[in-house]
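Thanks for coming. I have one structure to go through today, so please look at the sequence and the coordinates as I talk.

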Amino acid sequence: MRANCGCKEGTTTNITIEGEFGADALWCTKCTYNLDVEELPVSDSIKDALLDWAAQYGVWIDLETNRLVEDAEQLEKTHNAAGQVLADKLKAELGIAYTIQFTPSVMSAS
Ligand SMILES: [Zn+2]
């Protein structure tokens with residue numbers, strides 16, 4: 001089983017991990033389709049971790065004022081580090097048939 005996406009083949013083994021508001025953390029690297037984490041053939045623990053990670057995306061932004069919060073840089077850095085760990089775990093679970101890459105957030109970078 002593979003993740004469904006918008007590519008001609010309808011599935012992908014090229015996955016990018018990237019946070020975005022209101023979206024799951026996984027994207028097809030080729031067609032940028034937002035992938036359903038539940039469809040991936042990985043353990044529930046990593047699915048939960050991916051969903052948690054996606055939910056934490058952007059905690060460094062105050063959505064009411066649309067400004068960076070205090071400690072934004074540190075919060076974003078921590079989230080990026082966790083994302084890299086998830087990318088490594090996904091690689092380990094999915095094996096060499098998949099190409100996994102991680103795109104860190106750079107919102108607080110000045
Ligand atoms: Zn695709």
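I will start with the metal site, then take some single residues, and end with a patch on the surface. Before that, one caution: this is a predicted model.

The metal first. The zinc ion is held by four sulfur donors, the SG atoms of Cys5, Cys7, Cys28 and Cys31, at 2.3 Å. What is the arrangement of the four donor atoms around the zinc ion? It is tetrahedral, because the angles they subtend run from 104 to 114°. If you want to find the donor residues in the sequence, look for the spacing C-x1-C-x20-C-x2-C. Take Cys5 and Cys31 as a pair: they are 26 residues apart, and they link distant parts of the chain. Cys5 comes from the loop between strand S1 (3-4) and strand S2 (11-12), while Cys31 comes from the loop between strand S4 (26-28) and helix H1 (44-55). Are these two buried or exposed? Cys5 is buried, because its relative accessibility is 10%, where buried means under 20%. Cys31 has a relative accessible area of 26%, so Cys31 is partly exposed.

Next to Cys31 in the numbering is Thr32, also found in the loop between S4 and H1. Thr32 has a positive phi, near 60°, and is not a glycine. Its relative accessibility is 56%, so Thr32 counts as exposed. Another residue with a positive phi is Asp71, where the angle is near 70°, again in a residue other than glycine. Asp71 sits in the loop between S6 and helix H2 (72-94). Asp71 is exposed, because its relative accessible area is 56%.

Back to the zinc donors for a moment, by way of a residue that touches one of them. Which residues does Asn14 contact, leaving out those up to four places away in sequence? They are Trp27, Cys28, Thr29, Lys30 and Thr99. Cys28 in that list is one of the zinc donors. Asn14 itself is in strand S3, which covers residues 14-17. With 18% relative accessibility, Asn14 counts as buried.

Now Ala3, in strand S1. Its relative accessibility is 0%, so Ala3 counts as buried. Setting aside neighbours within four places in sequence, the contacts of Ala3 are Gly10, Thr11, Thr12, Leu35, Glu39, Leu40 and Tyr98. For a sense of distance, Ala3 and Asp52 are 49 residues apart along the chain, with their C-alpha atoms separated by 19 Å.

Helix H1 gives us Ala54. Ala54 is buried, because its relative accessible area is 12%. What does Ala54 touch, not counting residues up to four places away in sequence? The answer is Ala23, Asp24 and Ala25. Ala23 is 31 residues from Ala54 in sequence, and the C-alpha to C-alpha distance is 7.1 Å.

That brings me to the segment after strand S7 (99-102), where Val106 lies. Val106 has a relative accessible area of 61%, so Val106 is exposed. From Val106 to Ile15 is 91 residues in sequence and 19 Å in space, C-alpha to C-alpha. Ser108 is in the segment after S7 as well. Is Ser108 buried or exposed? Ser108 is buried, because its relative accessible area is 9%. Leaving aside neighbours within four places in sequence, Ser108 is in contact with Leu68, Ala72, Glu73 and Glu76. Ser108 and Ile96 are twelve residues apart along the chain, and their C-alpha atoms are separated by 33 Å.

Last, the surface. A nonpolar patch there is formed by Phe21, Leu63, Leu68 and Met107, which together have about 380 Å² of accessible area. Leu68 came up a moment ago as a contact of Ser108. As for Leu63, it lies in the loop between strand S5 (61-62) and strand S6 (67-68). Leu63 is exposed, because its relative accessible area is 61%, where exposed means over 50%.

To recap, keep two places in view. One is the tetrahedral zinc site, with Cys5, Cys7, Cys28 and Cys31 as donors. The other is the nonpolar patch of Phe21, Leu63, Leu68 and Met107 on the surface. That is what I have.

Conventions: Residues numbered from 1 in each chain as written. Predicted model: local features only at pLDDT ≥ 70, side-chain atom pairs only at ≥ 80, totals over all residues. Heavy atoms only, no water. Patch = residues over 30% accessible without salt bridge, like charges linked within 9 Å, V, L, I, M, F, W, Y side chains within 5 Å. Areas by Shrake-Rupley, 256 points an atom, 1.4 Å probe, with all protein chains shown as cover. Salt bridge = Lys/Arg side-chain N within 4 Å of Asp/Glu carboxyl O. Helix = DSSP H or I, 4+ residues; strand = E, 2+ residues; numbered from the N terminus. Buried < 20%, exposed > 50% of the residue type's maximum accessible area, 1.4 Å probe, protein only. Donors = N, O, S within 2.8 Å, 3.2 Å for Na, K, Ca; no water. Tetrahedral: all angles 85-135°; square planar, octahedral: opposite > 155°, others 65-115°. Contact = heavy atoms within 4.5 Å.
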